[in-house]
Amino acid sequence: MNRRDLLVAFSLGALTGALPALAQQKGKIRRIGFFYLGSRQSALETGRYQLFLQAMRDLGYVEGKHFVIEARYADGKTERLPDLAAELVRSKVDVIVATGTPLYQALQKATKTIPIVITTSPDPVRDGFAASLARPGGNFTGLSSNNAEAIPKHVELLMTAVPRLSRIAVLRNPDNVGSFPQLKSIQAAAQKTGLQVLPVDARTPDGIERGFSTMAKERAESVIIPGDTFFLQQVRQIAELALKHRLPSTYVTREYAEAGGFMSYGQNITENFRRAATYVDKILKGAKPGELPIEQPTIFELVINRKTARAIGLTIPQELLLRADRVIE
């Protein structure tokens with residue numbers, strides 16, 4: 001055998017030996033973490049979990065064949081987050097899809113290497129999860145819910161809906177660092193129109209109950225609920241309390257209006273779970289999260305629950321109904 005034949009034989013042997021390894025890598029079942037502050041039931045009721053799975057299927061992934069889900073649900077208990085984040089890291093997941101600032105903070109402490117796809121964040125740069133939106137630089141990427149322009153809009157919408165409005169309550173979760181700039185934004189918008197703002201803190205279901213009692217005692221005439229993962233799990237409770245106290249209310253996601261709240265204005269967060277699958281796909285194919293730009297919302301929707309308006313004795317102006325993307329009768 002001459003030198004050329006030896007080289008060919010050696011190359012073929014090396015390639016033959018590599019084929020099983022390549023095939024094994026291609027057929028490897030990837031592990032995807034799904035980290036959610038609320039309960040499993042709430043993730044299903046909002047359709048977020050199913051939408052993410054459907055998007056993975058649309059991208060050609062088959063659950064059980066190409067990937068498995070390692071899901072962790074905190075059931076609204078923030079004290080569980082560090083342990084749940086540590087569990088996901090120990091389970092050796094390839095990527096984690098997470099929702100909510102408290103979860104990102106827990107994951108940031110738990111791992112610096114596992115890619116994290118965020119589904120909503122008012123300001124991932126300000127909160128220290130990314131160096132910039134265009135180039136995050138670390139192990140976080142995904143979708144921002146930056147609603148700096150949308151939050152003041154709630155003041156305008158309530159002023160249009162409620163005649164002679166003078167006092168607005170703001171229900172906020174003090175454990176959410178994003179609630180402070182949101183409150184300042186509402187206060188700035190209210191100050192321009194002479195409205196008074198009543199901040200009310202709540203971090204538990206009982207706290208929400210007490211908060212609405214405070215609003216009634218302080219004679220609030222409406223309430224704004226800024227975006228918060230905990231509040232999202234309590235949309236039915238909040239909507240029922242707003243109805244009980246006859247308070248026109250507004251929140252940032254349509255789930256609130258669908259649960260019986262008066263109005264919602266903001267990004268369709270549920271759709272972000274479909275978009276999150278595209279990030280997971282890129283990461284599983286080798287993309288680095290720090291090089292994947294974080295998307296910002298471009299479309300905001302107004303949903304009005306006309307049934308709730310009638311229940312609290314509120315006649316919705318025609319101009320507001322015409323602006324609505326959806327009216328729930």
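Strand 1 (residues 30-36) runs parallel to strand 2, and the two pair over seven bridges. Across that pairing, F34 sits opposite A71 in strand 2. Keep in mind that this is a predicted model.

**The sheet**
- The two strands belong to an open sheet of five strands, ordered 2-1-3-4-5 with parallel pairing.
- Strand 2 (67-73) and strand 5 (140-142) are at the edges with a single partner strand each, so one side of each has no neighbour in the sheet.
- From one strand to the next, the twist averages 25 degrees.
- Helix 3 (residues 48-58) packs on the sheet, where it touches strand 1, strand 2 and strand 3 (95-99).
- The direction of helix 3 makes about 165 degrees with that of strand 2.

**The nonpolar core**
- The largest nonpolar core has 97 residues, and I32, F34, F35, F52, L171 and F212 are the ones touching the most other members.
- Helix 12 (residues 269-284) gives the most to this core, with eight residues.
- Take L171: setting aside neighbours within four places in sequence, its contacts include V200, A202, I208, F212, M215 and V223.
- Also in contact with L171 are I224, I225, P226, F231 and I238.

**The largest pocket**
- The largest pocket comes out at a volume of about 270 Å³.
- Its lining includes Y36, S39, S42, E45 and T46, along with L232, Q233, V235 and R236.
- E255, E258 and A259 are also among the residues that line the largest pocket.
- Helix 2 (40-45), helix 9 (229-233), helix 10 (235-244) and helix 11 (254-258) each chip in at least two residues of that lining.

Note on methods. Residues numbered from 1 in each chain as written. Predicted model: local features only at pLDDT ≥ 70, side-chain atom pairs only at ≥ 80, totals over all residues. Heavy atoms only, no water. Pairing = 2+ DSSP bridges. Helix = DSSP H or I, 4+ residues; strand = E, 2+ residues; numbered from the N terminus. Axes fitted to C-alpha atoms, helices over the stretch in contact; angles between N-to-C directions. Contact = heavy atoms within 4.5 Å. Core = buried A, V, L, I, M, F, W, Y, C linked by side-chain atoms within 4.5 Å. Buried < 20%, exposed > 50% of the residue type's maximum accessible area, 1.4 Å probe, protein only. 1 Å grid on protein atoms, 1.4 Å probe; cavity = no way out; pocket = protein on both sides within 12 Å on 5 of 7 lines; lining within 4 Å. Points joined across faces, edges and corners; volume = space filled by probe spheres on them.
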